[in-house]
Amino acid sequence: MGQLRVFAAVSLPDGVRQALAEQTAEWDIPGRRVPPNNWHITLRFLGEIEEVTCDRYKAALDESHLGKPFRIRLSGFGAFPNQRKATVVWAGVGLGVDRLYELAEVCDTAAEATGVSPEDRPFSPHLTLSRVRPPAPVVSLLEQGELDISWWVGQIVLFESIGGRGGVRYEPLEIFPFSR
């Protein structure tokens with residue numbers, strides 16, 4: 001039995017990835033950009049867990065009520081921990097943010113039911129665009145850009161994070177569709 005590095009997330013359809021890549025291509029986003037194939041909105045990071053724990057988490061999510069599909073819209077940018085010393089540049093969520101909080105709670109409940117430690121940070125819905133090392137100011141970037149990209153969310157994806165020579169890639173382990 002091995003360990004898996006796992007997280008639950010909302011994934012982006014290919015057309016949304018392409019639209020976001022096109023809208024942000026010309027912008028001066030500092031740091032190392034996250035490849036579009038890795039873009040997602042994390043609902044719950046579980047970290048390094050045993051395969052048996054992962055299986056229990058899948059079963060708990062499978063029995064959870066995820067609700068109906070909903071529309072989500074990316075709008076604007078932000079930075080962690082702040083605009084003057086950014087280590088992460090992200091796209092924010094406007095429409096659909098309440099449902100993302102509900103889904104994060106469902107994912108948290110499933111994690112706790114399987115013995116995974118509680119999150120140490122509050123949920124903050126975002127899509128990471130870049131990781132900035134060393135930290136840099138991004139005030140002008142955040143003032144210049146506005147996004148208006150939307151899509152329908154109809155599932156949660158459980159991903160495994162796999163590190164390698166070419167960087168990190170995310171492989172879907174299981175898909176949890178919403179009720180129709």
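Is glutamate 102 buried, exposed or partly exposed?

**Figure 1. Glutamate 102 in helix H3 of the predicted model.** Glutamate 102 belongs to helix H3, which comprises residues 97–113. With a relative accessibility of 45%, glutamate 102 counts as partly exposed, because that category lies between the limit for buried residues, under 20%, and the limit for exposed residues, over 50%. Leucine 129 stands 27 residues away from glutamate 102 in sequence, and their C-alpha atoms are 23 Å apart in space.

**Figure 2. The whole chain, shown as an overview for the close-up views.** The chain contains four helices and nine strands. Starting at the N terminus, these elements follow the order β-α-β-β-α-β-β-α-β-α-β-β-β. The radius of gyration is 16 Å, close to the 16 Å that the globule rule gives for 180 residues, so the chain is as compact as a globular protein of that length. Along the principal axes, the C-alpha atoms fill a box of roughly 45 × 35 × 25 Å. Of the 180 residues, 46% are buried. When contacts between residues at least 6 apart in sequence are considered, 77% of them join residues at least 24 apart.

**Figure 3. The surface and the charged side chains.** The accessible surface of the chain amounts to about 9,800 Å², and carbon and sulfur atoms account for 49% of this area. The chain carries 19 positive and 23 negative side chains. The centres of these two sets are 4 Å apart.

**Figure 4. Helix H1 and its two sides.** Helix H1 spans residues 14–24, and its buried residues are Val16, Arg17, Leu20 and Thr24. These residues lie on the same side of H1, because they cover an arc of only 100° around the axis. An α-helix has 3.6 residues a turn, so residues three or four places apart point the same way. Asp14 and Glu22, in contrast, are exposed on the other side of H1. Several strands help to cover the buried residues of H1, including S1 (3–11), S2 (32–33), S4 (70–80), S6 (126–136) and S7 (149–153).

**Figure 5. Isoleucine 49, a buried residue of strand S3.** Strand S3 runs through residues 40–50 and includes isoleucine 49. The relative accessible area of isoleucine 49 is 6%; this residue is therefore buried, as the cut-off is under 20%. Which residues does isoleucine 49 touch, not counting those up to four places away in sequence? They are Gly2, Gln3, Leu4, Val6, Cys54 and Val116. Of these contacts, the one with glycine 2 joins residues 47 apart in sequence, whose C-alpha atoms are 8.4 Å apart in space.

**Figure 6. Glycine 163 in the loop between strands S8 and S9.** Strand S8 covers residues 155–162 and strand S9 covers residues 169–177, with glycine 163 in the loop between them. Glycine 163 has a relative accessible area of 61% and is exposed. Leucine 46 is 117 residues away from glycine 163 along the chain, and a distance of 16 Å separates their C-alpha atoms.

**Figure 7. Two cis peptide bonds that involve proline.** Phenylalanine 80 and proline 81 are joined by a cis peptide bond with an omega of about -10°. Proline 81 is located in the loop between strand S4 and strand S5 (86–93). A cis peptide bond also joins arginine 133 and proline 134, where omega is about -5°. Proline 134 is part of strand S6.

Key:
Residues are numbered from 1 along each chain as its sequence is written. This is a predicted model: local features need pLDDT of at least 70, side-chain atom pairs count only at pLDDT 80 or more; totals for chains, interfaces and linings use all residues. Side-chain values use heavy atoms; hydrogens and water are left out. Helices (H or I, at least four residues) and strands (E, at least two) are DSSP runs, numbered from the N terminus. The radius of gyration is taken over C-alpha atoms; the globule rule is 2.2 Å times the number of residues to the power 0.38. Buried means under 20% relative accessible area, exposed over 50%, partly exposed in between (1.4 Å probe, protein chains only). Contact means heavy atoms within 4.5 Å. Accessible areas come from the Shrake-Rupley method with a 1.4 Å probe; for residues, only the protein chains shown count as cover. Lys and Arg count as positive and Asp and Glu as negative; His and the chain ends are not counted. The place of a charge is taken as NZ of Lys, CZ of Arg, CG of Asp or CD of Glu. The arc is that of the directions from the helix axis to the C-beta atoms.
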